[in-house]
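Reader: I should like to take a close look at one part of this protein. Please explain it step by step, and then place it in its wider surroundings.

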Amino acid sequence: MNIAEWLAATARARPEAPALLTGFERDADYRTFARRAASLGAALARDHGISPGDRVALFAGNCTQYLECLYGIWWIGAVAIPINAKLHGREAAWICSNGGAGLAFVSSDTIGALIEARDDLPSGMKMLSVDSDDYGKMRGGEGPPSPLEREDDDLAWLFYTSGTTGRPKGVMISHGNLVAMSLCYMADVDHATPEDAALYAAPISHGAGLYNFPITRMGGRHVVPESGGFDPDEVLNLGRQLDNVVMFAAPTMVRRLVDAAKKRGENGEGLRTIIYGGGPMYLADIRDAIATMGQRFVQIYGQGESPMTITALSRDWHRRTEHPRYLERLTSVGTAQSVMRVRITDKDGNPLAAGETGEVEAKGAAVMLGYWNNPKANAETLKDGWLRTGDVGRLDEDGFLTLSDRSKDVIISGGTNIYPREVEEALLTHPDVREVSAIGVPDPDWGEIVVACVVLEKGAVADDGKLDAHCLASIARFKRPKRYVYLDALPKNNYGKVLKTSLREMMKKQEG
Ligand code: AMP
């Protein structure tokens, strides 16, 4: 089915329900939301020659028009390529070109960057600003009453992976993948209700936007903060006033939210569910978050190739403090989501037993169709339907998955594997350490040594001896960092993920 059917159905069942809001201000109810999508779709086909299966890019920051455009594209069976608005114009142009976009929706903030990179754009690609009068006309007309029929395997969303190395790859997400992901949301993550207010504090082009579907299905509110991004104070204010807020947040965002809540002496009232994931959440941080804000948290583990949907650690598991294995569970990413299976394999692809560490593989209805025009990457990543995630982890006998690292981040020192995560978890329990990332640096004696890149808390003084003693108290001697580097901030990509590659390059330059 076409995922846009959900918007059409909600517009029929709950036409007057508030659908799109900017801050507290209502932009559209469901009837208007669906009518605009239909009108946009009709105009794309009529005035811009977009046919079913054609790609349309979206290069804009968070705004309510973003959701209108997505559904407009799907209404006529076309394919959306959402591009992170923080990318460089040339990176965005490369994606438009690789995906063969026939048109790009842009905003007044991003159009300049794309015009500057026009030489890299696909020939004939049109640009249309969602802030323009033309856009107003485009969405103000009429369109087909129902979305075009699509099969489950038809392409809906071409998602370019953040690619910390090399060029990003286009992940082909089908309508069926999006339906499976959304049903898992309702089963494994949160019960969506018509009262919900989905708050887009993270980019709609990524996970936060993917989670619009269950909310659309139930007829909840979609709320874009006035700032268009993540401002912890704004989120806390919106939470209190909107109530029943659900939001996706990367672990770094959770930390900043917790800091703000502490400063204001608040606990995040009205933020019903904070879904975190996309990068490691350290035990010390989630415990601090629960202590400050209470039980509002659910964790998900997924990747572009199986969007938001590999495992989940439910709200219930965050609550079960009396369970003898509570802390172990809290360090895990939970169990396979309802449509998924998870296994661990060795380097030859053979399944490993519970407790053994290897590559995480996932199979099920959320797994992508494959990479766009990239048979080599498909062959490397998909085997008999199993997705090789590139993550390293272990399953316990009850099916809880604990991630150690990305496979390429594992440090091999003196022939032994050291998972940076363990070192990071240990250091983060020291009160002077605000953030840390452990990397492997080439060493003539050891092959690699562990180097800890540390951001200290305000006012704390760098002291290798103190941190070393702290590590010795909780992890094996051979795992502790041989060197400490103190930084003002860790390099992160646009989604807040720490760029270990940049740290490794920085160390290489220093050594050189
Ligand atoms: P992306 O494809 O950009 O969404 O990145 C996906 C990667 O982020 C995964 O392969 C993991 O390495 C990491 N990741 C996602 N969710 C989690 C999580 N809950 N805990 C730790 N790492 C995660």
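Which backbone atom lies 2.6 Å from a polar atom of the side chain of Thr309?

Author: The model is a predicted one, and what follows describes that model. The atom in question is the backbone oxygen of Pro307, which lies 2.6 Å from a polar atom of the Thr309 side chain. Thr309 belongs to strand 14, which comprises residues 306-313. Its relative accessible area is 0%, and the limit for a buried residue is under 20%; Thr309 therefore counts as buried.

The surroundings of Thr309 may be considered next. Leaving aside residues up to four places away in sequence, Thr309 touches Met181, Cys184, Tyr301, Gly302, Gln337, Val339, Met340 and Ala366. Two of these contacts lead to other parts of the model. Met181, which touches Thr309, is also touched by Phe213. Under the same exclusion of sequence neighbours, the contacts of Phe213 further include Ile3, Trp6, Tyr71, Trp74 and Trp157. Phe213 is a member of the largest nonpolar core, which has 120 residues; together with Trp74 and Phe105, it touches the most other members. A second core, separate from that one, consists of 21 residues, among them Phe59, Ala92, Ala104 and Met172.

Gly302, another contact of Thr309, leads instead towards the ligand, as its number falls within strand 13 (297-303). With five residues, strand 13 gives the most to the shell around the ligand. That shell holds 17 residues, and the closest are Ile300, Gln303, Gly304, Asp391 and Arg406. By character, the shell divides into five nonpolar, nine polar and three charged residues.

Several backbone atoms approach the ligand. For Gly278, a backbone N or O atom is 2.9 Å from a ligand nitrogen, and for Gly279 a polar backbone atom is 3.3 Å from a nitrogen atom of the ligand. At Gly304, a backbone N or O atom is found 2.8 Å from a ligand oxygen. Taken alone, the ligand exposes 500 Å², and the protein buries 89% of that area. The elements that give two or more residues to the shell are strand 13 and strand 21, the latter spanning residues 401-406.

A contrast with Thr309 is offered by Ala379, a residue of helix 15 (residues 375-381). Ala379 counts as exposed because its relative accessibility is 56%, and the limit for exposed is over 50%. From C-alpha to C-alpha, Ala379 and Lys500 are 26 Å apart in space, with a separation of 121 residues in sequence.

Conventions. Residues are numbered from 1 along each chain as its sequence is written. This is a predicted model: local features need pLDDT of at least 70, side-chain atom pairs count only at pLDDT 80 or more; totals for chains, interfaces and linings use all residues. Side-chain values use heavy atoms; hydrogens and water are left out. A residue is near a molecule or strand if one of its heavy atoms lies within 4 Å of it. A polar contact is a pair of N or O atoms within 3.5 Å; within protein, one must be able to donate a hydrogen and the other to accept it, and residues adjacent in sequence count only if both atoms are side-chain atoms. Accessible areas come from the Shrake-Rupley method with a 1.4 Å probe; for residues, only the protein chains shown count as cover. Helices (H or I, at least four residues) and strands (E, at least two) are DSSP runs, numbered from the N terminus. Ala, Val, Leu, Ile, Met, Phe, Trp, Tyr, Cys and Pro count as nonpolar, Asp, Glu, Lys and Arg as charged, and the others, Gly among them, as polar. A nonpolar core is a set of buried Ala, Val, Leu, Ile, Met, Phe, Trp, Tyr and Cys residues joined through side-chain atoms within 4.5 Å. Buried means under 20% relative accessible area, exposed over 50%, partly exposed in between (1.4 Å probe, protein chains only). Contact means heavy atoms within 4.5 Å.
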